Amino acid sequence: MANYRDSPYSSFNFRVNVVGGAYGPGDFRAGFQEIAGIGMEIHVAEYRNGNSGENSPQKITGSYKINDVTFKRGLCGDLKMLYDWIDPVRNGDQTQGRTVIIQVMDELRTTPVQTATLTNARPIKLTGPALSGKATDVAIEELVVISERIEWS
């Protein structure tokens, strides 16, 4: 039987690992403030036979699509993770697909409690920070990534 608990896990203990390029397993250099959009959607076609006794259509499941995932982090001047990944894609390099592993960690930050693995992930959008004269704001950059498959474990 799987581990069960009454209270849900917090959303602020997570790790990101990008496998491929100059990065390998266990390299958690990609620290992010927020990750949004992890998920998938199954397309549904509605079909009704003309001679059907039911007045409603059948729902037939079809292909699925993976949501674009948005990663946000404070600007830290490290080009290795974001810009050095999107630049070859921008220049037409089709070999930049990587595996992105997103792990939700337990409260002690020692054990992953859920893992989402994005397969053949590629960046499609990099947004620099909004710049402001206020001294209280942090400069946040954003990377949007597409993938061809997602697995949960």
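Helices (H or I, at least four residues) and strands (E, at least two) are taken as DSSP runs and numbered from the N terminus. The structure is a predicted model, in which local features need pLDDT of at least 70 and side-chain atom pairs count only at pLDDT 80 or more, whereas totals for chains, interfaces and linings use all residues. Residues are numbered from 1 along each chain as its sequence is written, and side-chain values use heavy atoms, with hydrogens and water left out.

The protein contains 1 helix and 9 strands, arranged from the N terminus as β-β-β-β-β-α-β-β-β-β. Of its 153 residues, 25% are buried (under 20% relative accessible area, against over 50% for exposed and in between for partly exposed; 1.4 Å probe, protein chains only). The exposed surface comes to about 10,200 Å², of which carbon and sulfur atoms supply 51%; accessible areas come from the Shrake-Rupley method with a 1.4 Å probe. Contacts are defined by heavy atoms within 4.5 Å. Among contacts between residues at least 6 apart in sequence, 61% join residues at least 24 apart.

The largest nonpolar core (a set of buried Ala, Val, Leu, Ile, Met, Phe, Trp, Tyr and Cys residues joined through side-chain atoms within 4.5 Å) has 18 residues, and Val16, Ile35, Phe71, Trp85, Val100 and Leu118 touch the most other members. At least two residues of this core come from each of β1 (14-19), β5 (69-74), β6, β7 and β8. Strand β7 gives the largest share, 3 residues. Leu118 touches Val69, Arg98, Thr99, Val100, Ile102, Ser147, Arg149 and Ile150, when residues up to four places away in sequence are not counted.

In helix α1 (residues 83-90), the residues Trp85, Ile86 and Asp87 are buried. The cover over the buried residues of α1 includes β6, β7 and β8 (140-146). Gly92, just after α1, takes a positive phi of about 95°.

The largest pocket holds about 240 Å³ of space. On a 1 Å grid over the protein atoms alone, a pocket is an open set of points where a 1.4 Å probe fits, with protein on both sides within 12 Å along at least five of seven lines, and lining residues have an atom within 4 Å of a point. Grid points are joined across faces, edges and corners, and the volume is the space filled by probe spheres set on the points. The lining of the largest pocket consists of 13 residues, with Phe14, Ile35, Ile38, Ile102 and Val104 nearest its centre. Two or more lining residues are given by each of β2 (34-36), β6 (98-105) and β7 (112-127), and β7 supplies the largest share, 3 residues. By class, the lining has 7 nonpolar, 5 polar and 1 charged residues (Ala, Val, Leu, Ile, Met, Phe, Trp, Tyr, Cys and Pro count as nonpolar, Asp, Glu, Lys and Arg as charged, and the others, Gly among them, as polar).

Two further residues were examined individually. Glu141, in strand β8, is buried, with a relative accessible area of 10%. Apart from neighbours within four places in sequence, Glu141 is in contact with Phe71, Lys72, Arg73, Gly74, Leu75, Leu82, Thr127, Gly128 and Pro129. Pro57 lies in the loop between β3 (40-47) and β4 (58-66) and is partly exposed, with a relative accessible area of 32%. With the same sequence neighbours left aside, namely those within four places, Pro57 is in contact with Glu46, Tyr47 and Arg48. The C-alpha atoms of Pro57 and Ala45, which are 12 residues apart along the chain, are separated by 9.3 Å.
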